[in-house]
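Me: I am new to this structure and would like to go through it step by step. Could we begin with how some of the helices pack?

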Amino acid sequence: MATIQVRFNEGASRDYKIEIKPNLIKEIPAYLKKHQFADRYVIITDSKVSKLYGQSLQKNLTASGIKSFLLTFPAGEKQKTLSTAEKLINKMLKLQISRSDAIIALGGGVVGDLAGFVASTYMRGIRVIQAPTTLLAMVDASIGGKTGVNVDAGKNLLGTFYQPQAVLIDPNMLKTLPSDEWENGFAEIIKYSIITKSPLFRLLNGHSLAELKTKKNLLNKIIIQCCQIKASIISKDETENELRMVLNYGHTIGHALEKYFNYSISHGKAVAIGMKFINSMAVNLDQLNKNDQNRIQKLISKYVNTSKFEQKIHTKKVYQKIWHYMQNDKKVRKSKIYFIVPKSIGHVDIQNTITKQNFLDVLPSFINE
Ligand SMILES: NC(=O)c1ccc[n+]([C@@H]2O[C@H](COP(=O)([O-])OP(=O)(O)OC[C@H]3O[C@@H](n4cnc5c(N)ncnc54)[C@H](O)[C@@H]3O)[C@@H](O)[C@H]2O)c1
Ligand SMILES: [Zn+2]
């Protein structure tokens, strides 16, 4: 239905396609045969997705004469660790997976990040194909080649940039997605609607999550738009020198919140709260007008319910902890934390002058809400 090309400066060798098509999962065997990415495939997936789609994918591959293995780990962000990666690597070594084989990362962002990390390090790198199954992974995590695991000090602090061979998106797989996971996906979609000028903000404003779940054509259009935005950004700045940083709107605070809640808060909801935080800071600093702030907060609240977690954070003590966790963020350079500050809807700025006091000053605005 749609093909988006991700292109890098140095020529075609690492360019790849994002394919978006309902029921694409059924066509994966034919796609792999056509493109000949590898001799054999290791499907890496989590315990939930394995039952829903992994086992049948493997069956279909076998039926098409393609040799594959299915490796599964327990679902959830808490599994995105070096220890899970090591277990997967040991299983692959036992299976004698070689550099002529490839990985299919079938699952949400946790699977994508972890399987991508394994692919990039296993025997110094074997090929990987991303097959995202959550909305969040379809619009964001599967594209751009960021891989990683969480370590004690914080989120995604160990990882690589490692581009996939292809990203295969089948929006029909969303039919089994739990409602919380829809909200997580929409948090990232709202992010795109603020960081660049696009029709997304209006489109999201004019609909609701319940509507978009059923209006498949519209939802597919949204997925395509998000993939186009991300593909265009990462093509220009693959390794996050500057431009790519805009994709981290809401994420500096979001990642610290994930750590604070010991990953019991989902990535999407943490990012939604992170966006609200930075918006309030931007208003305090006279960088964003109150009207735009209200419009963004309203849109976030319409799609993502964060109240359960927000009730627990608006105290000075928690804010100090969150600030402390932010010191470990990957966006800290020369001891300065980089924030993506919204200036208006469709325009953000990268800044490193926000102080701890600016951050603590946000507290009253949330308490009075
Ligand atoms: N690499 C990147 O650029 C990037 C970008 C954004 C987020 N991320 C990472 O992505 C992760 C979050 O990803 P996520 O929100 O997809 O979480 P996830 O991978 O944990 O998936 C959420 C849950 O949905 C289940 N699930 C997946 N697909 C399903 C389906 N089709 N039907 C039913 N259940 C399904 C999973 O088993 C899991 O329980 C975080 O670790 C975040 O850091 C990475
Ligand atoms: Zn994110």
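Me: At what angle do the axes of α10 and α11 cross?

Reply: The axes of helix α10 (residues 251-260) and α11 cross at roughly 130° and come within 7 Å. That makes α10 oblique to α11, since angles under 35 degrees count as roughly parallel, over 145 as roughly antiparallel, 65 to 115 as roughly perpendicular and the rest as oblique. This is a predicted model, in which local features need pLDDT of at least 70 and side-chain atom pairs count only at pLDDT 80 or more, while totals for chains, interfaces and linings use all residues. Residues are numbered from 1 along each chain as its sequence is written, and chains are lettered from A and ligands numbered from 1 in the order in which they are written.

Me: How are the axes and helices defined?

Reply: Axes are lines fitted to C-alpha atoms, for helices over the stretch in contact, with angles from 0 to 180 degrees between N-to-C directions. Helices (H or I, at least four residues) and strands (E, at least two) are DSSP runs numbered from the N terminus.

Me: Is the crossing of α10 and α11 left-handed or right-handed?

Reply: The crossing of α10 and α11 is right-handed; that is, the near helix is turned clockwise from the far one by less than a right angle, and anticlockwise would be left-handed.

Me: Which residues meet there?

Reply: From α10, H251, T252, I253, G254, L257 and E258 meet H267, A270, V271, I273, G274, F277 and I278 in α11. Two residues are in contact if their C-beta atoms, placed from the backbone, lie within 7 Å. The contact of α10 with α11 has seven nonpolar, five polar and one charged among its residues. Here Ala, Val, Leu, Ile, Met, Phe, Trp, Tyr, Cys and Pro count as nonpolar, Asp, Glu, Lys and Arg as charged, and the others, Gly among them, as polar.

Me: And how does α10 pack with α14?

Reply: α10 and helix α14 (residues 316-326) have axes 9 Å apart, at an angle of about 110°. That makes α10 roughly perpendicular to α14, and the crossing is right-handed. T252, I253, A256, L257, K259 and Y260 in α10 meet K321, I322, Y325 and M326 in α14. By class, this contact has seven nonpolar, one polar and two charged residues.

Me: What about α6 and α12?

Reply: The axes of α6 and helix α12 (residues 290-303) are 9 Å apart, and the helices pack at an angle of about 160°. That makes α6 roughly antiparallel to α12. E183, F186, I190 and I194 in α6 meet I296, L299, I300 and Y303 in α12. The classes in this contact are seven nonpolar, no polar and one charged.

Me: Changing topic, what surrounds ligand 1?

Reply: Ligand 1 is surrounded by 31 residues, of which the closest are K48, G108, G109, V110 and T134. A residue is near a molecule or strand if its C-beta atom, placed from the backbone, lies within 6 Å of it. The shell divides into eleven nonpolar, twelve polar and eight charged residues. At least two of its residues come from each of α2 (47-63), α4 (109-121), α5, α6 (179-195) and α11 (267-284).

Me: Which domains supply the shell?

Reply: Domain 1 (2-175) and domain 2 (178-369) each give at least three residues to the shell around ligand 1. Domain bounds come from an automatic or database domain assignment.

Me: How far apart are the two domains?

Reply: The C-alpha centres of domain 1 and domain 2 lie 26 Å apart. Their contact takes 26 residues from domain 1 and 29 residues from domain 2.
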